[in-house]
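Student: I have a new model open in my viewer and would like to talk it through with you. Could we go over it together, one feature at a time?

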Amino acid sequence: MSSITTFTPLSKLKPYKNNWRVQVKCLHSWRQNTSFGDTFEMVLADQWGNKIHASCKKNHMYRIQRVLPAGQWAVIENVQLNAAGGQYRTTRHPYKMTISDESVVRGSDLTDHRIFLSLASYEEIGNGTLETHFLIDVIGKVHDLGDVLTVKAQGQDKKRVQFRLIDSQGNDLACCLWGSYAEQIEAIIDECKDRTIVCLIRFAKISFFRGEVQITNAFDASRLYINPTEPEVVELTERLSDDHLLLSPFDKSNGKKDGKRIQYDWGEAEIKQISEVNAANQVEVCKIECTIEAIDTDWAWFYFGCNRHNKRVNKIPKVDYEKMSKIDKPMFRCEVCNANVTNVSPKFKLHLVVKDDTDSCNLMLLGSVAKSIIGISADDLWDGSYGDIEDPEILPEPIRALVGKSFCFGLSICSDNVTNGSSTFLVLEVCSGNKLMSIETDSEALSDMGTASSTMSSAGVLMLDTNSPEDPKTPFSKRKEDDVDLPDLTSTSKKLCTKWIKQEKAKKD
């Protein structure tokens with residue numbers, strides 16, 4: 001066995017000289033096309049666990065591949081060192097190694113099966129403490145695996161698969177793999193149909209997609225292990241394969257997504273008056289205790305979304321939707337699928353005007369949040385027509401019945417509200433009512449209408465004679481996964497008239 005004392009640790013390498021002698025293992029290698037021609041890129045590690053990025057030109061590629069394939073050890077002498085840089089870096093070493101004509105590379109008899117992982121915690125990934133220009137190692141159980149799709153990216157057809165990764169504590173992260181990495185997933189889907197899939201992604205990129213942290217491959221620099229059996233991770237793989245492993249119910253630190261829902265620790269959120277919300281000058285979440293004064297019928301109460309990922313779909317030109325009903329299953333264009341789809345249904349997008357003792361404001365409730373106060377799905381309330389809404393005053397009775405009822409809402413005050421003057425606030429949660437002041441009511445209890453138990457006791461209607469409000473803008477940040485990136489006006493939300501639906505308080509004899 002080679003003596004470790006005759007080699008310089010990678011952490012000690014400096015660019016002031018070239019005649020270094022190191023013993024390294026190739027953790028990963030790939031061919032990279034640049035404006036200067038093809039290069040061969042590698043991530044190397046020594047027996048102390050130090051790592052460095054190495055590169056050589058095309059004319060040395062086959063020699064290096066032969067002597068130092070992935071997973072093998074070799075001795076390298078006489079290398080150049082330059083400052084490490086680039087948008088995505090595979091290691092934290094300040095220098096990058098270049099193997100040139102003067103370099104000597106030969107095999108080594110060292111046996112060490114470690115893969116020298118540096119696993120990042122989901123908490124660090126989610127809370128933004130990690131620098132995104134450094135690639136990371138991440139492992140997790142595959143959850144909510146979508147289909148492998150062929151989509152158009154940068155003018156080329158590429159395969160893509162989206163899923164979520166769960167760690168051993170139940171925290172989860174969004175993940176999207178492209179190209180050959182998606183093909184690796186595709187190849188084992190049938191084989192693992194009834195089994196848990198555990199993924200280890202080495203040198204993965206931290207990115208952001210529609211406001212959420214997402215893990216993805218860094219072109220060809222990443223390496224994907226499916227159900228890894230390497231000694232360093234075999235125990236973790238077994239733990240993650242436990243069928244009883246569940247998503248953690250709450251992520252108090254960063255409010256990132258928990259499964260399909262964004263979760264915040266609403267017990268810690270401050271209760272604000274509406275006048276304070278309207279005057280807010282910083283991005284935050286808070287709670288308000290309010291009464292629904294009106295349904296803002298400037299907006300449709302629903303939109304059509306793709307059932308695969310709950311994103312808005314667009315109507316296709318020259319299709320007569322006016323004559324179609326639920327049984328016709330017309331085709332829509334889904335930009336996420338990059339395809340025409342028929343598996344669509346209505347999704348809630350409810351605009352409310354609410355009031356407390358200090359002021360009033362406009363709220364928007366999406367998807368499952370709206371359902372939690374209505375108690376009925378959007379599909380059940382829909383009249384089956386795909387045509388444009390011609391009379392926005394016509395609302396389903398369970399929606400009209402919301403007027404006059406009181407709730408404690410968890411709100412997002414986002415940058416669009418603070419800096420762009422948007423007067424519409426997104427409701428993230430319907431909170432419990434333990435802090436709501438007692439309000440006398442003559443209206444029917446919301447629980448009697450089959451709504452969720454998280455709603456507050458209902459209240460009498462506040463009568464307010466007012467003109468139409470200014471056009472509210474829809475906030476674009478901190479949206480739920482099933483309702484993000486919704487344009488404000490579509491064929492189902494045309495502003496045909498401006499009228500609020502109000503319910504008068506019953507007079508007592």
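**Strand partners, burial and rings**

Tutor: Gladly! Let us start with one bridge: lysine 315 has phenylalanine 332, in E20, as its bridge partner. Do keep in mind that this is a predicted model.

Student: Which strands stand at the edges of the sheet that holds E20?

Tutor: The sheet is an open one of three strands, in the order E19-E20-E21, with antiparallel pairing. E19 and E20 (residues 332-334) are joined by two bridges. Each edge strand has a single partner strand, so one side of it is left without a neighbour in the sheet; the edges are strand E19 (314-315) and strand E21 (339-341).

Student: Thanks! Before we go on, how many helices and strands does the chain have?

Tutor: Some background on the chain helps here: 51% of its 509 residues are buried. Among contacts with a separation of 6 or more, 69% are between residues 24 or more positions apart. The secondary structure comes to nine helices and 26 strands.

Student: Now to the N-terminal strands. How many residues of strand E2 are buried?

Tutor: E2 has pairing partners to consider: strand E1 (residues 21-34) pairs with E2 in the antiparallel sense over nine bridges, and arginine 31 stands opposite phenylalanine 40 in E2. Strand E3 (residues 51-57) also runs antiparallel to E2, joined by seven bridges, with alanine 54 in E3 as the bridge partner of methionine 42. E2 (residues 37-45) is mostly covered, and the number of buried residues among its nine is eight.

Student: Which residue takes a positive phi in the hairpin of E2 and E3?

Tutor: The hairpin from E1 to E2 goes through two residues. The hairpin of E2 and E3 has five residues between the strands, and the one with a positive phi, near 90 degrees, is glycine 49.

Student: Where do I find a positive phi in a residue other than glycine?

Tutor: Most residues other than glycine have a negative phi. Phenylalanine 219 nonetheless has a positive phi of about 55 degrees; its place is the loop between strand E13 (212-217) and strand E14 (223-226), and at 56% relative accessible area phenylalanine 219 is exposed. Another such residue is partly exposed at 29% and lies in the loop between E4 and strand E5 (80-83); with a phi near 60 degrees, this one is asparagine 78.

Student: Let us look at helix H3. Why do its buried residues lie on the same side?

Tutor: The buried residues of H3 (residues 180-189) are Tyr181, Ala182, Ile185 and Ile188. What covers them includes strand E10 (156-166), strand E11 (172-178), strand E12 (198-209), E13 and E14. They are on the same side of H3 because the arc they cover around the axis is only 130 degrees.

Student: And is helix H6 different in kind: what encloses it, and how many of its residues are buried?

Tutor: The buried residues in H6 are Gly367, Val369, Ala370, Ser372, Ile373 and Ile374. After H6 comes glycine 375, with a positive phi near 85 degrees. H6 (residues 367-374) is largely enclosed by the rest of the structure, because the buried count among its eight residues is six.

Student: How many disulfides does the structure hold?

Tutor: A disulfide is a covalent bond between the sulfur atoms of two cysteines. Cysteine 176, buried at 2% relative accessibility, has its closest cysteine sulfur in cysteine 175, and the 7.3 Å between the sulfurs is too far for a bond. The number of disulfides in the structure is zero.

Student: Finally, the rings. How far apart in sequence are the parts that tryptophan 73 and phenylalanine 116 tie together?

Tutor: The structure holds twelve aromatic pairs. Tryptophan 73 and phenylalanine 116 form an edge-to-face pair, 6.2 Å centre to centre with 80 degrees between the planes, and both are buried. Tryptophan 73 is in strand E4 (residues 73-77) and phenylalanine 116 in the loop between strand E7 (104-107) and helix H2 (122-127), so the parts tied together are apart in sequence by 43 residues.

Student: Over which ring does the charged end of arginine 92 sit?

Tutor: A similar case to compare is lysine 17, whose charged end sits over the ring of tryptophan 20, 4.2 Å from its centre. For arginine 92, the charged end is 4.1 Å from the centre of the ring it sits over, that of phenylalanine 134.

Definitions and conventions:
Residues are numbered from 1 along each chain as its sequence is written. This is a predicted model: local features need pLDDT of at least 70, side-chain atom pairs count only at pLDDT 80 or more; totals for chains, interfaces and linings use all residues. Side-chain values use heavy atoms; hydrogens and water are left out. Rings of Phe, Tyr and Trp (its six-membered ring) pair if their centres lie within 6.5 Å; planes under 30 degrees apart count as stacked, over 60 as edge-to-face and the rest as tilted. Helices (H or I, at least four residues) and strands (E, at least two) are DSSP runs, numbered from the N terminus. Buried means under 20% relative accessible area, exposed over 50%, partly exposed in between (1.4 Å probe, protein chains only). A charge sits over a ring if NZ of Lys or CZ of Arg is within 6 Å of the ring centre and within 35 degrees of the ring normal. The arc is that of the directions from the helix axis to the C-beta atoms. Contact means heavy atoms within 4.5 Å. A disulfide is a pair of cysteine sulfur atoms within 2.5 Å. Two strands pair if DSSP finds at least two bridges between them.
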